[in-house]
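Thanks, everyone, for making the time this morning. Let me put the structure up, and then I will go from the whole chain down to one residue and one helix.

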Amino acid sequence: MPTSLENNNKQQSEEVSPAVSEQEFHEPGSTDLPFEPPRQDGGNSEDTVRQLLTFFLNGPVSADADTRTAENLPGPALLYQYRDLSRIRYDFPACLNEADTDSAAVRSLTAVVDELVSRLADDTDAGQGLKQHLYRLESEIRVLAEHHHDIGFLKLWDRAGKNLLSSSKLSREKKALLRENLDTARQGLEIDYKIIPCDADAPAQLLSTLMVSHWQQRCSKWREQLELLILQLQDILSVDFEHSVKAKSPDYLREATSTDDIDFEAMASMLATDHLGDPLALTRRERIQTTLETLLQVKPLFDPVISGEKRETALPFSIRTIFNDCSTALDAYQTRMRIMIEFFKAGRIAQLEVENRYREASHDDFFRHFTVSHLSADELVLCPPVLLGLDKDSFAQGGGTELLEIMGSGLNIKVLLLIDDLYNSEQMTSRSTMLIDWPARLANMLMALNHVYVLQSPASRLSSLHNGILEGLDYEGPALFSVYTGKKENRAALPAYLDAASATESRTFPLFFFNPGKGQTQAERMDVSDNSQCDQDWPVEPFTYQTANDDDVTVDLAFTPADFLLCDPRFITQFRCIPAEQWHESMLPLQDYLSLDPEALQNRIPYLLTVDNDGRLGRVIMTRSIVEWVQQCASFWHNLQELGGINNSFALKLIATEKDRLASDMQEQVDALEEKYAIQLDQDIGKLTGEIIQRIAAQLLLDAAGSTEIPIRATTAPTVESTPPAPSPEISETAPEQEEEEDEDEIGAFDEAYIETPRCTSCDDCTNLNGQQFAYDENKQAYIKDAAAGPYKDLVRAAELCPVKIIHPGKPKNPAETGLEELLKRAAPFM
């Protein structure tokens, strides 16, 4: 069992009793770590692998007779720390409050003790000592409650206290302090709770108790109206009687007083002449009397206290009765509704009579045909539901059909379905894969009706049962509470609490709520969040053990349906314990095995990590049928996750499709931009190449003509209007020097700042930096307006800022500008 169970239980206790302060839990189990047995060589032999693969693929054969029993069967490793539940604080035993108080109807023992601690213990040493004593007493109560829960909470408390005092090896002073603390705590107890352990009877007792509590809260406002209405009717009849002849007779007057000093004959004669008011018409008086009798007959149903045998006999029917077959429940529902229809009809007549608005001509015919269809929504809420308790055996004689009819009819019947077995081990002999029994999946089926409240929970989850049952009782319509309790003979030495909890933790019997009253959408109605790590396939928790070399090793273990089946002695032949000397690399933890692709499973054998009663670590392999069962449970859990809005395949598919579409659109845009800029770049390079060639040619021609300076501007290549005359064939004596000067002038032409204007993106960086040096042409593309109109550092800075790197700063115009050496280094990449 994952260690999150302990935290869940802590949260459950707080949910059932929100006022309880947070307290630290005892450490589960023993501090001794499981240990790994020493291993010898030989685990990789082909013969061993062949035998294990044969068992995995084909199952046990006659020669594989297993001598293990339920008592010495190793258990899942994650359950080892929970082997002694008396040392762990958890919800059970539960405390039921059936007294006439304002306290919660259902609480855990942990919540009761925590509340007591919060009231009595402070932060002093004495207070902390009291706290520890109460926790020790709580542990002792848990042990006693397993077999003596029927004696009641206070007697159980007293017996646990005596056991602590008699068995405690304390000094006289410390024992006196323990006695004093226990007496102090005992005086703080106010309610003698009914104690129930986590067993097959617990869900029914919870339902019955919560039904009474819920009903009392529901009808509290109507109770006051009903009492006032009855009082007003009684006043009308009383006043009417005072005007009757009998009320004025001497005998009645004599009985009504306690004195003989009055002449009752004379008084009666005098009153007979009084005509202060006329008596009620006979039909009205009879109608009011009949109405009052009907109201008084049903009134005990709404009284504050319903507990006790005398109170139960005074009721028109018992709201806490749980019927055990569908036909009886249907008959009880019809009978109750007839009583409630007459009751609310009487209530309406009473209201009319009190207000003197009853008109026989119109109202007689209306109330003569008064049926359930005439009841208002508020009146229907005050019709108590019928409770029906079923188990798997109830469906043997056609009970399933009757139940589906009840659920489909929309009648306000609340059904408690107890599931003590999730599968039939006989299926293993008739088919290769086990199938879960359909009653265990009935909760999932009934969600399809769309108007049935559904709760599926193990008996171990007190808060889920508490909250789910109250929600179901509050829902105006049919409800199903499907609760897994397990069978003692099917769980070996596993406590009932752990068996039920394991069914849910392993995803074999997941916990969920479906409440159609919460809204119209699936997201509002469905809730699977009470499952631990509900977004994962299985709960995964760290597990620490000692190796043969005494090293502590921690691994992450998943708790799967195979771990749950390992605890069932009926499936003992589907598992095989593997000695340490036969462990080999072909064996994989089941959680890793399930994550592999089918082609990677060749010659792989899944195993579970186990711990026996001595704390020895072991490995257990399983048959292929067990693995298929695990996969079946995983498929069901995935479906449930989707219904609960987790890992929804439709949503994931839409997300993936939308991602693909966005990626495709983005790629198309990128391709279009790349194509556009590639074309533009080719054009710009061609144009720039032509401009450079023209500039070089022009420079050469001008130099040949004797020109020493030309203006350089990259935006517009200089135009050569006429071809200069060819140089004279006569070469002067200074020709070599002139040729050298021409080369220097050609190189100097590239020392001027210029911009590759056709590639300009109009980013405004350069023009914003220095509007005197840079400007835009008619196409809003930059060119060098005047390089000398600003410092050389602005040309360099503009080159660095340019996103397309088309600004070439050239050489500085002012050799005296500061920092030129550094500026030239920065300008070098842009020359």
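How many Å² does the chain expose, and what share of that do carbon and sulfur atoms supply? Bearing in mind that this is a predicted model, the chain exposes about 42,800 Å², and carbon and sulfur atoms supply 50% of that area. The chain has 831 residues, of which 45% count as buried, and its secondary structure comprises 29 helices and 21 strands. If we take the contacts between residues at least 6 apart in sequence, 71% of them join residues at least 24 apart.

Now to a single residue, Lys 392, which sits in the loop that runs between β6, residues 386–391, and α16, residues 399–409. Is Lys 392 buried or exposed? With a relative accessible area of 17%, Lys 392 counts as buried, because the cut-off for that class is under 20%. Leaving aside residues up to four places away in sequence, Lys 392 touches Leu 418, Ile 419, Asp 420, Asp 421, Asp 437 and Pro 439. For Asp 421 there is a further detail, in that its backbone oxygen lies 3.0 Å from a polar atom of the Lys 392 side chain.

Finally, helix α28, which covers residues 792–801, has as its buried residues Tyr 792, Asp 794, Leu 795, Val 796, Ala 798 and Ala 799. What covers them? The cover includes two helices, α27 (765–769) and α29 (820–827), together with the strands β19 (774–776), β20 (782–784) and β21 (807–808).

Technical notes
Residues are numbered from 1 along each chain as its sequence is written. This is a predicted model: local features need pLDDT of at least 70, side-chain atom pairs count only at pLDDT 80 or more; totals for chains, interfaces and linings use all residues. Side-chain values use heavy atoms; hydrogens and water are left out. Helices (H or I, at least four residues) and strands (E, at least two) are DSSP runs, numbered from the N terminus. Buried means under 20% relative accessible area, exposed over 50%, partly exposed in between (1.4 Å probe, protein chains only). A polar contact is a pair of N or O atoms within 3.5 Å; within protein, one must be able to donate a hydrogen and the other to accept it, and residues adjacent in sequence count only if both atoms are side-chain atoms. Contact means heavy atoms within 4.5 Å. Accessible areas come from the Shrake-Rupley method with a 1.4 Å probe; for residues, only the protein chains shown count as cover.
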